[in-house]
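Thank you for making time this morning. I would like to walk through one structure with you, with attention to where its charged side chains sit.

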Amino acid sequence: MFVRYTIGIDEVGRGPLAGPVVVCAVALPDTLAQRGAMRSHSSNKLSALHDSKKLTPKQRDAWYAHLTRHPRIRYAVARVYPRQIEKRNISRAANLAAWRAFTRLAVRGRVFLDGGLFLKDKAHSASLKAKTIIKGDENIPAVAMASIIAKVTRDRFMKRMAEHYPGYGFELHKGYGTRAHLAAVRRIGPSPIHRRTFLS
């Protein structure tokens, strides 16, 4: 049976001083979305589905587990690391990751990207009938799902990096430019996963 999908794509990690930019693409079957199957599930004690920034870490983890284990939802994640971010610039790096995540899905459908993302470039987005939507993570369920998976994936990666590069507090700020993080860089110097051009 032919399945129609709505594909949502979102990124996390555009602004941090360290770590990768992470993009997730989620393929949500239209029949699943139409039945409202991704609303709050009391049996799983899930909160209402929102953009990842509006959820607590516990809520994000619950949604992440639910979404990544769901038998009918497909997803793919791609990362671009600091060296490539500095070589390409953050916008191009995020779009590269979006393209990689999209192609790894190996399905087609209506594509919605959160504001600022394009599939390689605007011409490719047009040929694929992809639309970039401002605040797409607040209005399109598939984009909100991608936001959650990308956020949890990146946060867990940065927690692992905290073990490899202690002293920076990656487990707390996830690479963002907090006062404590900047003080640690001044004290220790940049780590291999810092975006050095972001520190200047």
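I will take the salt bridges in turn, then one helix, and then a patch on the surface.

Please keep in mind throughout that this is a predicted model, and that what I quote is computed from its atoms.

A search of the whole structure finds 5 salt bridges, and I will discuss some of them. Let me begin with Glu11 and Arg14, whose side chains meet in a salt bridge at 3.1 Å, N to O. Glu11 counts as buried, because its relative accessible area is 15%, and the cut-off for that class is under 20%. Arg14, with a relative accessible area of 26%, is partly exposed.

The next pair is Arg110 and Asp30, which form a salt bridge at 3.6 Å, N to O. Here the contact links distant parts of the chain, since Arg110 lies in strand 4, residues 110–114, and Asp30 lies in helix 1, residues 30–34, with the two positions 80 residues apart in numbering. Asp30 is buried at a relative accessible area of 14%, whereas Arg110, at 47% relative accessibility, is partly exposed.

A further salt bridge joins the side chains of Asp61 and Arg156, again given as N to O, at 3.6 Å. This pair also links distant parts of the chain, with Asp61 in helix 2, residues 57–69, and Arg156 in helix 7, the two being 95 residues apart. Asp61 is partly exposed, with a relative accessible area of 37%, and Arg156 is likewise partly exposed, at 36% relative accessibility.

That brings us to helix 7 itself, which runs over residues 141–164 and has 24 residues. From its first C-alpha to its last, helix 7 reaches 35 Å, close to the 34 Å expected at 1.5 Å a residue. How much of this helix is covered? Mostly, the helix is covered, with 18 of its 24 residues buried.

Finally, let me turn to the surface, where Lys87, Arg88, Arg92, Arg100 and Arg104 form a positive patch. The elements that give two or more residues to this patch are helix 3, residues 82–88, and helix 4, residues 90–105. The largest share, 3 residues, comes from helix 4. Arg92 has its place in helix 4, and with a relative accessible area of 58% Arg92 counts as exposed, because the cut-off for exposed is over 50%.

I am happy to take questions on any of these.

Conventions:
Residues numbered from 1 in each chain as written. Predicted model: local features only at pLDDT ≥ 70, side-chain atom pairs only at ≥ 80, totals over all residues. Heavy atoms only, no water. Patch = residues over 30% accessible without salt bridge, like charges linked within 9 Å, V, L, I, M, F, W, Y side chains within 5 Å. Areas by Shrake-Rupley, 256 points an atom, 1.4 Å probe, with all protein chains shown as cover. Salt bridge = Lys/Arg side-chain N within 4 Å of Asp/Glu carboxyl O. Lys, Arg positive; Asp, Glu negative; His and termini not counted. Charge placed at Lys NZ, Arg CZ, Asp CG, Glu CD. Helix = DSSP H or I, 4+ residues; strand = E, 2+ residues; numbered from the N terminus. Buried < 20%, exposed > 50% of the residue type's maximum accessible area, 1.4 Å probe, protein only. Expected span 1.5 Å × (residues − 1).
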